[in-house]
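This report describes one protein structure for a reader who is new to the subject. Please keep the sequence and the structure in view while reading.

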Number of protein chains: 2
Amino acid sequence: MAKFYGIGTGPGDSSLLTIKAVETLKKIDILFTPEPKKGGESLALSIVKEYLPDGLEIRQRHFPMNFNGEEKLKAWEKIALEIEKEININNKDVGFITLGDPMIYSTYVYIMERLSEDVEVVTIPGISSFSNIASSNNFPLVMDTDALVVAPCTMDEEKLDNILQNYNCIVLMKVYRNFVDIINKLEKYGLIESSILVSNSSQEGEKIYKNLKEAGLEDKISYFSTILINKSYKNLNK
Amino acid sequence: MAKFYGIGTGPGDSSLLTIKAVETLKKIDILFTPEPKKGGESLALSIVKEYLPDGLEIRQRHFPMNFNGEEKLKAWEKIALEIEKEININNKDVGFITLGDPMIYSTYVYIMERLSEDVEVVTIPGISSFSNIASSNNFPLVMDTDALVVAPCTMDEEKLDNILQNYNCIVLMKVYRNFVDIINKLEKYGLIESSILVSNSSQEGEKIYKNLKEAGLEDKISYFSTILINKSYKNLNK
């Protein structure tokens, strides 16, 4: 029976793919990948490219990014149906690549949950961007009895304030939109010294800011920007 | 200049090593690994074994697990000094393997932070057990504007209750010690239907409990047991 393979590509550096991801890429018949807005090749595709067998069929599909739109739901439904048809009718093994880890803030889940129950799904984990940023900078994410909170800055502001005040170990995702507000918030709570910010982790144009005040002076910050906070490690390796 | 390489091995399955981890294992001169209590070979070592070059020098060292002991601090200090000497005096590239991800609840950090500042440290991330459990079970960890909280059950109980009540997406680590209390807590908060428990993820003797009440009937649960909770995905794939 043909299967559906969801494959985490990790954050950007091809050498952060797992052996299992590489082996899986070599046995599928068709590879689906999100299509970038500006055309060309998706970041996920560029990460796996060197491991793809010659002649593998690649289908880039558009995933609308608008928030509550019907358009988005319809696009997911259409892509899921296309994948299901290849598996159940044409007996093709289908892969789907997704940045970072497939189970952490990934559109992959919306496709997976739209497939009919008779499709066997095999998901292969990937290195998340925050895990790579921590390792690349020798920045301990969490130790001992502390909890780690991974929070998207698109969440309710009161809840975000609560997290910043009450937890020691925090990853802030999606800092792009309200970037200056977030830096001001970190300053207000005395967290500038316990934080680092990395844009485009392990990708081309990676930028590491060990001083977040400097980062706050940038006109624009990359969409792929993440802040790590560990209150137990002030000025660690800075 | 010789360097210190911290290498995340992932949760158990050797194919979950990254390409970068495998490449690094092939270029080091000495590999350090924690020594298991019962003697024999550590789990971390068994994961990487098939990728080690012939004749690589392996040094298993004992890491005491007692809580606030001086003994533990002394052991870390001694191992760090031994590693530092190999790097700075004997010019050897030294690797240190650690289960899961090196920056998430890993003893590796205690060695890393004891090395003198002139030792260059390169840390390579690994797949964490919770990330693998999520993917293996097609269990979405966190989506959209939700936060993900990774909490060790050794933490303050009031804080743990607060997390269980106020967050949708939770990973419970170190559930081993107060296992029955934790299952009772999940029942109290109506979380049994939104949870899965996995012991020995991707290792020999892996056990998956989609019904946590059944798990609660076990006499004993493995040390490597983790619970995933996602309140938005009741009965998902059960």
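In which helix is the place of Tyr110(B)? Tyr110(B) belongs to helix H4 of chain B, which covers residues 108-112. The structure is a predicted model, and every value below was computed from it.

## Confidence in the model

The average pLDDT of chain A is 93, and 97% of its residues score at least 70. For the model, ipTM is 0.95 and pTM is 0.95.

## How the two chains are related

Two copies of a chain are related by a rotation about an axis and a shift along it. Here, a turn of 180° with a shift of 0.0 Å along the axis lays chain B on chain A, and the RMSD is 0.0 Å. The two copies are thus related as by a two-fold rotation axis.

The interface gives a further detail. Of the interface residues of chain B, 100% are also interface residues in chain A, so the copies meet through the same surface.

## A sheet shared by both chains

An open sheet of 10 strands, with mixed pairing, draws on both chains. Its order is E9(A)-E8(A)-E10(A)-E7(A)-E6(A)-E6(B)-E7(B)-E10(B)-E8(B)-E9(B). At the edges stand strand E9 (207-209) of chain A and strand E9 (207-209) of chain B; each has a single partner strand, so one side of each is left without a neighbour in the sheet. From one strand to the next, the twist averages 15°.

Several pairings in chain B can be followed residue by residue. Strand E8 (residues 195-199) of chain B pairs with E9(B) in the antiparallel sense over three bridges, and Val198(B) stands opposite Ile208(B) in E9(B). E8(B) also pairs with E10(B), in the antiparallel sense and over five bridges; in E10(B), Thr226(B) is the bridge partner of Val198(B). E7(B) and E10(B) run antiparallel and are joined by four bridges, with Val171(B) opposite Leu228(B) in E10(B).

## Strand E10 of chain B and the helices across the sheet

In a regular strand the side chains alternate between the two faces of the sheet. In E10(B), Ser225(B), Ile227(B) and Ile229(B) point one way, while Thr226(B), Leu228(B) and Asn230(B) point the other way. E10(B) is mostly covered, as six of its six residues are buried.

Helix H5 (residues 129-136) of chain B lies across strand E6 (148-152), strand E7 (169-173), E8 and strand E10 (225-230) of chain B, and runs at about 60° to E10(B). Helix H7 (residues 179-188) of chain B lies across E7, E8 and E10 of chain B, and runs at about 10° to E10(B).

## A parallel sheet in chain B

Chain B also has an open sheet of five strands, in the order E3-E2-E4-E1-E5, with parallel pairing. Strand E3 (57-61) and strand E5 (121-124) of chain B stand at the edges, each with a single partner strand, so one side of each has no neighbour in the sheet. Neighbouring strands of this sheet are turned by 20° against each other on average, direction ignored.

Within this sheet, strand E1 (residues 4-8) and strand E4 (residues 94-98) of chain B pair in the parallel sense over five bridges. Phe4(B) stands opposite Val94(B) in E4(B).

## Two buried residues that touch chain A

Is Tyr110(B) buried or exposed? The relative accessible area of Tyr110(B) is 11%; buried means under 20%, so this residue is buried. Beyond residues up to four places away in sequence, Tyr110(B) touches Met143(A), Asp144(A) and Trp76(B).

Ser14(B) lies in the loop between E1 and helix H1 (19-25) of chain B and counts as buried at 12% relative accessibility. Its side chain reaches the backbone oxygen of Ile47(B) at 2.7 Å. Leaving aside neighbours within four places in sequence, the contacts of Ser14(B) include Ile19(A), Ser46(B) and Tyr51(B).

## Positive phi in chain A

Most residues other than glycine have a negative phi. Asn91(A), in the loop between helix H3 (70-88) and strand E4 (94-98) of chain A, has a positive phi near 55°. Ser202(A), which is not a glycine, has a positive phi of about 65°. Ser202(A) lies in the loop between strand E8 (195-199) and E9 of chain A and is partly exposed, with a relative accessible area of 21%.

Technical notes. Residues numbered from 1 in each chain as written. Chains lettered and ligands numbered in written order. Predicted model: local features only at pLDDT ≥ 70, side-chain atom pairs only at ≥ 80, totals over all residues. Heavy atoms only, no water. Least-squares fit on C-alpha atoms with pLDDT ≥ 70 in both. Contact = heavy atoms within 4.5 Å. Pairing = 2+ DSSP bridges. Helix = DSSP H or I, 4+ residues; strand = E, 2+ residues; numbered from the N terminus. Axes fitted to C-alpha atoms, helices over the stretch in contact; angles between N-to-C directions. Buried < 20%, exposed > 50% of the residue type's maximum accessible area, 1.4 Å probe, protein only. pLDDT = per-residue confidence, 0-100. Polar contact = N/O pair within 3.5 Å; in protein donor to acceptor, adjacent residues only side chain to side chain.
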